[in-house]
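Let's take a walk through a protein chain together. Keep the picture open and follow along.

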Amino acid sequence: MSADTIKQIEFLSRALKAPRIRDAASRLADQARDAGWSHEEYLAAVLDREVAARDASGAQLRIRAAGFPSRKTLDDFIFDHQPALKRDQIIHLGGGLFLEQARNIVLLGPPGTGKTHLAIGLGIKAAHAGHRVLFGTAVEWVARLQDAHHRGRLAEEIVRLRRYGLIIVDEVGYIPFEQDAANLFFQLVSSRYEHASLILTSNLPFARWGDVFGDQVVAAAMIDRIVHHADVISLKGASYRLKDSGITTLPSARPENTAE
Ligand code: ADP
Ligand code: MG
């Protein structure tokens with residue numbers, strides 16, 4: 001390429017705010033000449049570099065904005081440790097169709113069985129697929145909604161949250177709510193019903209959610225909306241955190257008390 005052409009490409013890629021085009025143009029030109037690419041193939045390869053880089057930086061921004069407590073991926077998950085879990089089902093969910101269909105995922109099971117790990121892994125997949133994601137514990141979500149409510153901005157906040165393709169609510173059931181919290185949470189769930197996805201995790205079976213929300217009627221109405229279009233996945237077994245500790249049961253892992 002002549003020096004003038006290279007300068008022109010530099011100028012044009014700056015004008016397009018597409019710096020990767022400038023970087024890729026001369027590098028790929030050599031490759032194109034060696035491999036005998038057509039003009040169209042060369043153009044496609046250059047544009048592909050720009051688009052791939054934009055997608056990747058968009059995904060990184062969405063992952064950072066999601067507020068995950070740690071980075072866990074589906075690839076890191078050891079399915080052999082969780083034989084009750086259908087690997088195919090998780091891989092399929094990772095494909096993200098549930099987000100297009102506004103379906104929900106509920107992960108139930110005793111502590112340490114990988115609920116949060118899977119929720120984050122699915123959230124990261126969603127961010128890569130271009131969806132905006134927000135992660136919080138149930139307690140954090142209620143605090144956020146209460147805050148909006150006190151500022152007289154609950155309706156606005158709920159509408160704003162609908163712009164997120166995925167909201168993850170971790171640890172439903174660890175701490176019981178006051179009744180007004182249950183009502184706020186119900187509003188979040190119903191605003192997303194058939195519109196955008198939720199992933200919820202809980203150590204308690206649905207039958208015990210009434211106690212958590214302090215209101216059996218609200219809990220039943222909420223569960224009804226959550227599970228109408230949902231994959232409900234039960235994790236089992238001993239805590240992964242304790243796997244090398246010699247401890248085999250935790251107090252809360254008694255079957256009558258935890259999600260089966
Ligand atoms: P839960 O939310 O069910 O209490 P976590 O998802 O927080 O459990 O898992 C506890 C820890 O064990 C995390 O560090 C997680 O990455 C790890 N872990 C749990 N299950 C698995 C698994 N099957 N494969 C790999 N790591 C796991
Ligand atoms: Mg957890």
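Find the loop between H9 and E4, and in that loop you'll spot Glu194. Keep in mind that what you're looking at is a predicted model. Is Glu194 buried or exposed? It counts as exposed, because only residues with 12 or fewer C-beta neighbours get that label, and Glu194 has 11 C-beta neighbours inside 10 Å. There's something else to notice in its backbone: Glu194 has a positive phi of about 60 degrees, even though it isn't a glycine. To see what makes that worth a look, remember that most residues other than glycine have a negative phi.

Glu194 has a partner in this respect. Glu171 isn't a glycine either, and its phi is positive too, at about 65 degrees. The setting is a strand this time, since Glu171 belongs to E3, residues 166-172. Inside 10 Å it has 19 C-beta neighbours, so Glu171 counts as partly exposed.

Now let's zoom out to the whole chain. The domain assignment splits it into domain 1, residues 3-64, and domain 2, residues 67-253. How far apart are the centres of domain 1 and domain 2? Taken over C-alpha atoms, they are separated by 40 Å.

You can get a feel for distances like this by looking at helix H1, which covers residues 3-15 and includes Gln8. Thr5 sits in H1 as well. Gln8 is exposed, with 12 C-beta neighbours inside 10 Å, and Thr5 is exposed with 12 other C-beta atoms within 10 Å. Measure out from Gln8 with your viewer and you'll find Phe79 71 residues along in sequence and 53 Å away in space, C-alpha to C-alpha. For Thr5 and Asp147, the gap is 142 residues in sequence and 57 Å in space, again C-alpha to C-alpha.

Next stop: ligand 1. There are 16 residues around it, and the ones that come nearest are Gly114, Lys115, Thr116, His117 and Tyr240. What kinds of residues make up the shell? Four are nonpolar, eight are polar and four are charged.

Let's pick out His117 from that group. It is found in helix H6, residues 115-128. His117 is buried, as it has 22 other C-beta atoms within 10 Å, and the cut-off for buried is 20 or more. Leaving aside residues up to four places away in sequence, His117 touches Lys72 and Phe77. Ser70 is 47 residues from His117 along the chain, yet their C-alpha atoms are separated by 8.6 Å.

We'll finish with a helix that shows two faces. H11 runs over residues 216-228, which is 13 residues, and spans 18 Å from its first C-alpha to its last, close to the 18 Å expected at 1.5 Å a residue. Which residues of H11 are buried? They are Ala219, Met222 and Ile226. These three cover an arc of only 70 degrees around the axis, so they end up on the same side of H11. That fits a handy rule: an α-helix has 3.6 residues a turn, so residues three or four places apart point the same way. Turn to the face away from the buried side and you'll meet the exposed residues Gln216, Val217 and His228. And what covers the buried residues of H11? The cover includes strands E1 (104-108), E4 (197-202) and E5 (230-234), along with helices H9 (179-192) and H10 (209-213).

Key: Residues numbered from 1 in each chain as written. Chains lettered and ligands numbered in written order. Predicted model: local features only at pLDDT ≥ 70, side-chain atom pairs only at ≥ 80, totals over all residues. Near = placed C-beta within 6 Å. Nonpolar A, V, L, I, M, F, W, Y, C, P; charged D, E, K, R; others polar. Domains from an automatic or database assignment. Helix = DSSP H or I, 4+ residues; strand = E, 2+ residues; numbered from the N terminus. Expected span 1.5 Å × (residues − 1). Arc of directions from axis to C-beta. Contact = placed C-beta atoms within 7 Å.
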